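Student: Could we go through this structure together? I would like to begin with one helix and then change topic.
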Amino acid sequence: MSQSVKLRVSNIEKSFPGVKALDNVSFAVRKGTVHAICGENGAGKSTLMKIINGIYKQDAGQILIDEKVVEINSPIEARQLGIAMIFQELNYIPEMTIEESLFVGNWPTGKYGNIDWPEIRKRTLKLLEEENLDYSPGTKLKNLTVSDIQMLEILKAISYNSDIIIMDEPTSAITQHEIQILFNKINELRERGTCIIYISHKMDEIFQIADEITVFRDGSVVDSRLKEDYDMETIISQMVGRKLDNNYPKEEIELGEVILEVNGLTDKEKFEDISFYVREGEIVGFAGLMGAGRTEVMRSLFGLDEYKSGKIIIKGEEVDIKNVRTSIDKKMVMLSEDRRRYGIIPVRNVKENVSLSSLKKFISGGRLNFKKEVETVTDICERMNVQAPSLETLVETLSGGNQQKVVLAKWMITDPDILILDEPTRGIDVGAKYEIYKLMMELAKEKKAIIMVSSELPELIGMCDRIYVMAKGSITGMLNRDEFTQENIMTYATAAKKERELII
Amino acid sequence: MGKTRSSFISKYSIYLVLVALFLVSWIANENFVTAENLRNISTQIAVGTILAFGQTILIISGMLDLSSGSVLALAGVLSVSTYVSTGSLLFSFIVAIVIGVICNIINGIVITKFKVPPFIATLSMQTMARGAALLYTKGQNIYQIGDYIIFGQGRILGVPTPVIFLIITLIVTWYLLKYTVFGRSIYAIGGNEEAANASGINVDKIKMKAFIINGILVGISGVLFMSRVNGGMPNGAIGYESKALASAVIGGTSFTGGVGTAFGTLAGAFIVGFLDNIMVMVGVDSYLQQVVRGAIIALAVSYDIWAKSRETKGKISSAEPK
């Protein structure tokens, strides 16, 4: 590579109480390249990015821009040095308009210290036009999609003339189509000479967009190479420090009786006439594009939302799911796609989070029996391999993968027969993903039925016995294991409602 | 080991403040640590602290009660008036509890069924209950309450009755929060209401229960208050809800929900009580006392947040508020 080095970090060290987060980390990003960073959660990627962005201060080591040492003490200083960061979890104010959000904290002012709105409007229109974006400056952010808002963040970075843009898992919440738009933008930026640090768990994306790849493990850089010199298996083995013998621990097992049957489930607007069944020991996938209504169906089935009509039959008995409690009592549980919103109680500890849905089990003599509770929770946390300093540790301090295991542990001690897993591996690292697949297989062997909603086709294909495909609120197709291909699934996923009868 | 120490400090920070204040007061005035003075302080803070236990439960669950001072007055005057006309201590006590509970059931319904924010719902109850108390008494105090004074001025084995009520309500609140499904549900709802619901907790039912318990505590406070002031006073206990809120918050109850304990609130109440007492003893101007009392809220809470942030340092990013 001929391009000069734009950003270099050299011998960075950072410790938090009890952990060494970064140990002698050095790497360099060249001008006009996309540099992907891979590593499991907790490998130190985010900590390093926060140091580059001035949120944390390194204990030792240097950051160099254009080979000159710089001090970065705050995100504002980072911005002045041309560094912009686009966070994985976008924090935005829903009531703000596009132009307000572009200039927040950096308002152009008039003579009297007043905000110069005509100037803002002018500059916003210019920016939008230059970047070929079709938004109106007065649109409120709450009316935009996640990818629109992400695009605005990029626009903001451009408006600050940033020449180093850090993107932390930018595709975790956007659709395939939107990813393509994002990639086009990244390519444009690359041609302008901007360098982009791209953090992601998704290998296919990394190979599509990156020029160079650096792998992190346990706070150190394992290796840094050009994309051409890497293959997926090498990266994964470098990330986890061992070779994964098999991506999916799938085994064919004998299936039992039909345990759950759904007939003609219909909601007012989000889905209609949904019928499917699941057998004991079976892993049934739900595929579809974003907005196809998969999550909505599962929420209604679990009692989080109401449905208009239709029948739910569990173990041959028609049940009226009024709320989540009914579902849990019928031994059906749901792991939500949005862990932070529907899964964890962040300010409470591991023990309380895990026992939350089964408290009645621990009542003896009219009060909670802590001994029994601790025993049960310890057992399940060991089985799930939850890594936490103690049961008293607050869940908000755990990594995403461990939080997910805490939520799963909560459901496991309710002793469910049917598990609905909505995007169970979203935002967690490869090692934890594999543990969750293994757990699913174990559960299936115990005759439990599993419904897996996922946007990642490889994992559906890898793990499921059958896959239902949804599009625009209806089931458009059902595939058996021998028919699984990405093409088949995508055909049904993009099918219009009218064609449904023809397809089935 | 550094981690263990800082988590010890954050867990017990408020008690350290209490002990420090106690020691400083002891040094500042020799009359501070006498059996009589400590008994006085306990008696004085009893009514406000019982209210504060109710606030603690509500704040932990992500709500609050701005109506408790007014409902206290309404429950109190109706209770006194019942005593004056029937002569039954038991019956008058029950009336206070029932009124407290009814007003709080209304709070609970407005909040859970009509989705009115607790701030607004209980603010409206504050005005209504005060109005009802004045309406019922035509704005006049009720005097000559006879034996009714034993509720607030009696002693059992030398311990003032308000302190006995304080101890009982403390134990009940502590037990509820620590050892019951209700308690765990309260923490879960305040910590993340949607996740609590998705975990099978009947959020509305638990919120109603929280208000009913608050109502009982407000009713008890009403009886104690009127008994201590020797009359049914419809204009009594104005501003008690904010005193109660202050005790709970100084005691480490988090306004963002999900965090707080009964003993923390008791410590918060004693911090305020000690401070008031020592300021009187060393002759601080009474207006200045108010200024200090206000400032101490900000100080205590700042200290608490600082001590806690030391524990989660480096994890701040994952602990950002929703």
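Student: Which residues of α1(A) are buried?
Tutor: Please note that this is a predicted model. In α1(A), the buried residues are Lys45(A), Ser46(A), Thr47(A), Leu48(A), Met49(A), Lys50(A), Ile51(A) and Ile52(A).

Student: Why is helix α1 of chain A described as largely enclosed?
Tutor: The helix spans residues 45–52, and eight of its eight residues are buried, so the rest of the structure largely encloses it.

Student: What follows α1(A)?
Tutor: Gly54(A) follows it, with a positive phi near 80°.

Student: Let us turn to the contact between the chains. How many residues does each chain give?
Tutor: Chain A contributes 27 residues and chain B contributes 26 residues. On the side of chain B that touches chain A, the elements giving two or more residues are α1 (2–28), α8 (181–191) and α9 (193–198) of chain B.

Student: And how do the residues on that side of chain B divide?
Tutor: Nine are nonpolar, 12 are polar and five are charged.

Student: Now the largest nonpolar core: which residues touch the most other members?
Tutor: They are Ile420(A), Ile450(A) and Leu74(B), in a core of 165 residues. The element that gives the most to this core is helix α2 (residues 35–60) of chain B, with 12 residues.

Student: What does Ile420(A) touch?
Tutor: Leaving aside residues up to four places away in sequence, Ile420(A) touches Met298(A), Leu301(A), Phe302(A), Val333(A), Met334(A), Leu335(A) and Ile451(A).

Student: Which residues does the second core include?
Tutor: That separate core has 57 residues, including Ile98(A), Leu182(A), Leu189(A) and Cys195(A).

Methods:
Residues are numbered from 1 along each chain as its sequence is written. Chains are lettered from A and ligands numbered from 1 in the order in which they are written. This is a predicted model: local features need pLDDT of at least 70, side-chain atom pairs count only at pLDDT 80 or more; totals for chains, interfaces and linings use all residues. A residue is buried if 20 or more other C-beta atoms lie within 10 Å of its own, exposed if 12 or fewer, and partly exposed in between; C-beta atoms are placed from the backbone. Helices (H or I, at least four residues) and strands (E, at least two) are DSSP runs, numbered from the N terminus. Two residues are in contact if their C-beta atoms, placed from the backbone, lie within 7 Å. Ala, Val, Leu, Ile, Met, Phe, Trp, Tyr, Cys and Pro count as nonpolar, Asp, Glu, Lys and Arg as charged, and the others, Gly among them, as polar. A nonpolar core is a set of buried Ala, Val, Leu, Ile, Met, Phe, Trp, Tyr and Cys residues joined through C-beta atoms within 7 Å.
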